[in-house]
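Reader: Please take one part of this model and go through it closely. I would like to know what its side chains meet, how exposed they are, and how far the prediction can be trusted.

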Amino acid sequence: MSLIAEPDAVIDPDAVNDHMVVPRGSSARRKRITRKVVSYGLLLLFAAFYIGPLLILIFASLKSLPEFFKNPTGLPESFSLTNFTEAWELANFPRYLMNSLIYTGVATALFVIMSVFVAFPIARGYVRGAGAMLTLYVVALFLPPALIPQFQLILNLGLYNTRQGYILLFLINPIGLIILVNYIKSIPRELDESAAIDGCGYVRFVWSILIPLIRPAIATVTVIHAIGIWNELILATVYLTDEDLYPITRGLIVFEGVYGSDWPKLAAAVLMLMFPMLVLFMFLQRFIISGLTSGAVKG
């Protein structure tokens with residue numbers, strides 16, 4: 001039997017492919033691995049930018065003042081909670097914390113309820129000029145706060161240096177209403193018609209049917225608005241001069257001295273200040289992502 005193929009012999013390509021071993025998707029697999037490595041590397045980099053300052057803040061809260069000036073960003077030599085107890089007393093945390101809870105809770109609840117009742121007719125187009133009204137809210141996002149007209153209005157209404165006047169400052173927030181309007185647009189309009197046929201009134205429909213359907217958007221708006229009120233310092237400085245009415249952010253000024261600041265106690269106070277909003281976020285976080293995404297892409 002001859003081992004040399006004759007010139008007229010025909011080679012079957014299927015037979016050749018059956019005996020060849022070709023790596024399956026090796027190039028594509030390498031690309032996927034590279035993309036994953038780059039993605040995780042970027043995520044770790046961003047995490048370091050966010051978590052790094054928080055860790056420095058935690059380390060500072062556990063140091064004494066001489067130790068902080070010796071090594072501001074390093075690990076503490078010994079762990080002590082003395083700064084937390086002293087900050088709690090110096091900043092008058094019980095009273096100021098209660099004021100912040102009142103301002104944040106009342107203003108956020110009123111804002112969310114009012115915004116839902118305003119956002120529904122705008123989203124459905126039940127009022128004339130609904131599109132123009134939504135455009136005005138979008139434009140308001142890019143305008144600076146009108147502090148001087150706002151101050152004159154509160155002063156002429158006799159609400160300066162009062163809880164009621166301070167709460168009124170937070171009853172308007174364009175981004176919250178925009179999120180609600182865009183989320184309500186994703187709710188089928190047939191629900192409105194069915195409720196109207198069954199004799200359901202406007203208030204009952206919004207309260208009993210619409211609000212349970214837009215809980216993700218409400219949770220998102222609640223967190224955004226509550227954090228804004230909780231961290232507010234400028235308005236508290238301008239509109240409140242009575243120490244009994246100070247929110248907790250205004251109380252942190254006691255750590256600012258003439259010749260320097262007590263940074264470890266201030267760091268401990270900031271961590272305690274952060275805790276209530278962290279609890280609120282953890283409680284509502286499962287609603288927030290869907291509320292933000294729907295509010296961003298629905299037209």
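Author: Arg95 counts as partly exposed, at 32% relative accessibility; on this scale buried means under 20% relative accessible area, exposed over 50%, and partly exposed in between, with a 1.4 Å probe and protein chains only. The model is predicted, so local features need pLDDT (the predictor's confidence in each residue, from 0 to 100) of at least 70, side-chain atom pairs count only at pLDDT 80 or more, and totals for chains, interfaces and linings use all residues. Residues are numbered from 1 along each chain as its sequence is written, and side-chain values use heavy atoms, with hydrogens and water left out.

Arg95 forms a salt bridge with Asp244, with 2.7 Å between the closest N and O atoms. A salt bridge here is a side-chain nitrogen of Lys or Arg within 4 Å of a carboxyl oxygen of Asp or Glu. The pair links distant parts of the chain, 149 residues apart: Arg95 is in helix 5, and Asp244 is in the loop between helix 13 (234-239) and helix 14 (248-251). Helices are DSSP runs of H or I with at least four residues, numbered from the N terminus. Asp244 is also partly exposed, at 41%.

The whole structure holds 11 aromatic pairs. Rings of Phe, Tyr and Trp (its six-membered ring) pair if their centres lie within 6.5 Å; planes under 30 degrees apart are stacked, over 60 edge-to-face, and the rest tilted. One of the pairs is Tyr96 with Tyr246, tilted, at 6.0 Å centre to centre and 50 degrees between the planes. This pair too links distant parts of the chain: Tyr96 is in helix 5 and Tyr246 in the loop between helix 13 and helix 14, 150 residues apart. Tyr96 is buried at 6%, and Tyr246 is buried at 10%. The charged end of Arg250 sits over the ring of Tyr246, 4.4 Å from its centre; the criterion is CZ of Arg or NZ of Lys within 6 Å of the ring centre and within 35 degrees of the ring normal.

Helix 5 itself covers residues 93-124, which is 32 residues. From first C-alpha to last it reaches 45 Å, close to the 46 Å expected at 1.5 Å a residue, where the expected span is 1.5 Å times one less than the number of residues. Just after helix 5, Gly125 takes a positive phi of about 75 degrees. Phe117, Phe120, Tyr126, Tyr202 and Phe205 form one aromatic cluster.

For comparison, 5 salt bridges are found in the whole structure. Among them, Lys70 and Glu77 meet at 3.9 Å, N to O; Lys70 is exposed at 67% and Glu77 is exposed at 63%. Asp262 bridges to Lys265 at 3.1 Å, and Lys265 is buried at 14%. Glu86, Asp262 and Lys265 are joined into one network by salt bridges that share partners.

As for trust, the protein averages a pLDDT of 83, and 86% of the residues score at least 70. Confidence is lowest in helix 1 (residues 13-19), at a mean of 50, and highest in helix 8 (residues 163-168), at 94. Residues 1-9 fall below 50 and have 0 contacts beyond near neighbours in sequence, a contact being heavy atoms within 4.5 Å. Residues 295-299 are also below 50, with 6 such contacts. Where pLDDT is low, the predicted coordinates should not be read in detail.

Notes
Helix = DSSP H or I, 4+ residues; strand = E, 2+ residues; numbered from the N terminus.
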